[in-house]
Amino acid sequence: MIYTVTLNPSIDYIVRLNHVVIGNVNRMDSDDKFAGGKGINVSRILQRLGIDNTATGFIGGFTGKFVEDGLLAESIRTKFVAVDQDTRINVKIKADAETEINGPGPQVTPHQLAQLEEFLSKLTSDDTVVFAGSAPANLGNQVYKRLIPTVRETGAQVVCDFEGQILLDALEYQPLLVKPNNHELEAIFDVKLNGLADVEKYAREILAKGAQNVIISMAGDGALLVTPEAAYFAKPIKGEVKNSVGAGDSMVAGFTGQFVRTKDAVEALKWGVACGTSTAFSDDLASIEFIEETYQKVEVEKL
């Protein structure tokens with residue numbers, strides 16, 4: 001079973017209008033509300049790929065009920081720990097410039113954290129756990145230093161979709177996959193990347209620190225998968241970018257789901273690119289029909 005851990009889920013409230021005038025009343029053209037959070041996005045794409053999974057993390061209040069009901073409506077299993085305060089709302093303003101206003105999230109008590117730890121401690125070596133996104137403010141991202149080893153002690157694999165120091169800290173636990181983008185890779189090593197050779201060089205440094213597979217996403221310039229055996233470049237696919245929210249999560253879902261099924265890293269890369277690209281070209285997370293259509297356009301070459 002694949003489990004996704006979203007410590008600070010949200011309702012993603014998408015607002016669309018042509019232009020925002022600060023200090024004035026602005027009237028939206030349309031809006032949508034989705035169950036949000038990086039791990040939840042992974043769960044939603046996995047389900048569209050026909051891969052059973054369970055979403056866990058912390059959830060609370062009427063907003064949390066909206067999130068959980070949305071997942072159940074998509075036939076996604078849930079095993080959330082209830083918290084006392086409301087799950088946050090993140091506002092995504094899609095206008096002439098894309099703007100996000102994200103909530104801080106609820107307070108999580110030591111008892112509630114212990115409940116999640118207990119659940120994760122009962123997994124097995126047949127399981128894979130996707131940790132993605134930031135934690136509520138009162139926990140801080142250092143909480144992953146407790147949760148990741150708890151999972152690894154069961155023999156389960158972990159996928160870690162973080163930025164910066166917390167990603168580097170996670171490498172100690174040999175994650176199945178990490179997926180920094182090219183800008184995050186530059187920030188980690190304090191360098192300027194010039195071409196694929198540089199990207200591969202620093203991705204291999206992440207491998208040397210413990211990762212089993214590294215994908216460097218480069219938006220319109222494609223993606224690079226680096227494994228201990230080889231490096232593979234997925235060429236960019238042309239299209240109109242409509243949605244930057246969830247594209248990286250979709251790539252993580254596509255790779256993880258296919259790798260768990262087949263243990264074929266190259267095929268997993270193809271599905272990761274198909275999922276990520278099709279979500280970038282969609283208003284919400286991509287449909288299975290669009291993912292399958294995009295998969296036919298994915299070209300991968302061994303470097």
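# A working chat on helix H8, cores, strands and cavities

Tutor: Start with helix H8: 12 of its 16 residues are buried, so the rest of the structure largely encloses this helix. Keep in mind that this is a predicted model.

Student: Okay. Where does H8 sit in the sequence, and what is its reach from first C-alpha to last?

Tutor: H8 covers residues 247–262. Its reach is 23 Å, close to the 22 Å expected at 1.5 Å a residue.

Student: Which residues of H8 are buried?

Tutor: Ala247 is, and then Asp249. After that come Ser250, Met251, Val252, Ala253, Gly254, Phe255, Thr256, Gly257, Gln258 and Phe259.

Student: And what follows H8?

Tutor: Lysine 263. Its phi is positive, near 60 degrees.

Student: What other residues have a positive phi without being glycine?

Tutor: Serine 75 is one of them, with phi about 60 degrees. Aspartate 190 has a positive phi too, near 55 degrees.

Student: Where is serine 75? Buried or exposed?

Tutor: Serine 75 lies in the loop between helix H2 (61–73) and strand E5 (77–82). Its relative accessibility is 53%, so it counts as exposed.

Student: Aspartate 190: where is that one, and is it buried or exposed?

Tutor: Aspartate 190 is in the loop between helix H6 (182–189) and H7. It counts as exposed because its relative accessibility is 73%.

Student: New topic. How many residues are in the largest nonpolar core?

Tutor: It has 48. Leu7, Phe58, Leu120, Phe131, Ile148 and Phe162 have the most contacts inside it. Helix H7 (residues 196–208) gives the most to this core, five residues.

Student: Take phenylalanine 58. What is it in contact with, leaving aside neighbours within four places in sequence?

Tutor: Its contacts include Thr6, Leu7 and Pro9. Phe80, Val81, Val83 and Thr87 are also among them. So are Val108, Gln112, Leu113, Leu116 and Leu139.

Student: What about a second core?

Tutor: There is a separate one of 38 residues. Ala223, Ala265, Val273 and Val298 are among its members.

Student: Ala223 is in strand E12, right? Which residues cover each face of E12?

Tutor: Yes, E12 is residues 223–226. Ala223 and Leu225 are on one side, Leu224 and Val226 on the other, and all are buried.

Student: Which strands does E12 pair with?

Tutor: E11 (residues 214–217) pairs with E12 in the antiparallel sense, over four bridges. E12 also runs antiparallel to E13 (residues 231–234), again with four bridges.

Student: What stands opposite valine 226?

Tutor: Valine 214 stands opposite valine 226. In E13, alanine 231 stands opposite valine 226.

Student: And what links these strands?

Tutor: E11 and E12 form a hairpin with five residues between them. Alanine 219 in that turn has a positive phi of about 50 degrees. A hairpin through four residues joins E12 to E13.

Student: Last topic, cavities. How many are 30 Å³ or more?

Tutor: Two. The largest has a volume of about 100 Å³.

Student: What lines the largest cavity?

Tutor: It has 14 lining residues. Closest to its centre are Asp12, Ile14, Phe34, Val245 and Asp284.

Student: Which elements give two or more residues to that lining?

Tutor: Strand E2 (10–16), strand E3 (30–36) and helix H1 (38–48). E3 has the largest share, three residues.

Definitions and conventions:
Residues are numbered from 1 along each chain as its sequence is written. This is a predicted model: local features need pLDDT of at least 70, side-chain atom pairs count only at pLDDT 80 or more; totals for chains, interfaces and linings use all residues. Side-chain values use heavy atoms; hydrogens and water are left out. The expected span of a helix is 1.5 Å times one less than its number of residues. Buried means under 20% relative accessible area, exposed over 50%, partly exposed in between (1.4 Å probe, protein chains only). A nonpolar core is a set of buried Ala, Val, Leu, Ile, Met, Phe, Trp, Tyr and Cys residues joined through side-chain atoms within 4.5 Å. Contact means heavy atoms within 4.5 Å. Two strands pair if DSSP finds at least two bridges between them. On a 1 Å grid over the protein atoms alone, a cavity is a set of points where a 1.4 Å probe fits but cannot get out, and a pocket is an open set with protein on both sides within 12 Å along at least five of seven lines; lining residues have an atom within 4 Å of a point. Grid points are joined across faces, edges and corners, and a volume is the space filled by probe spheres set on the points.
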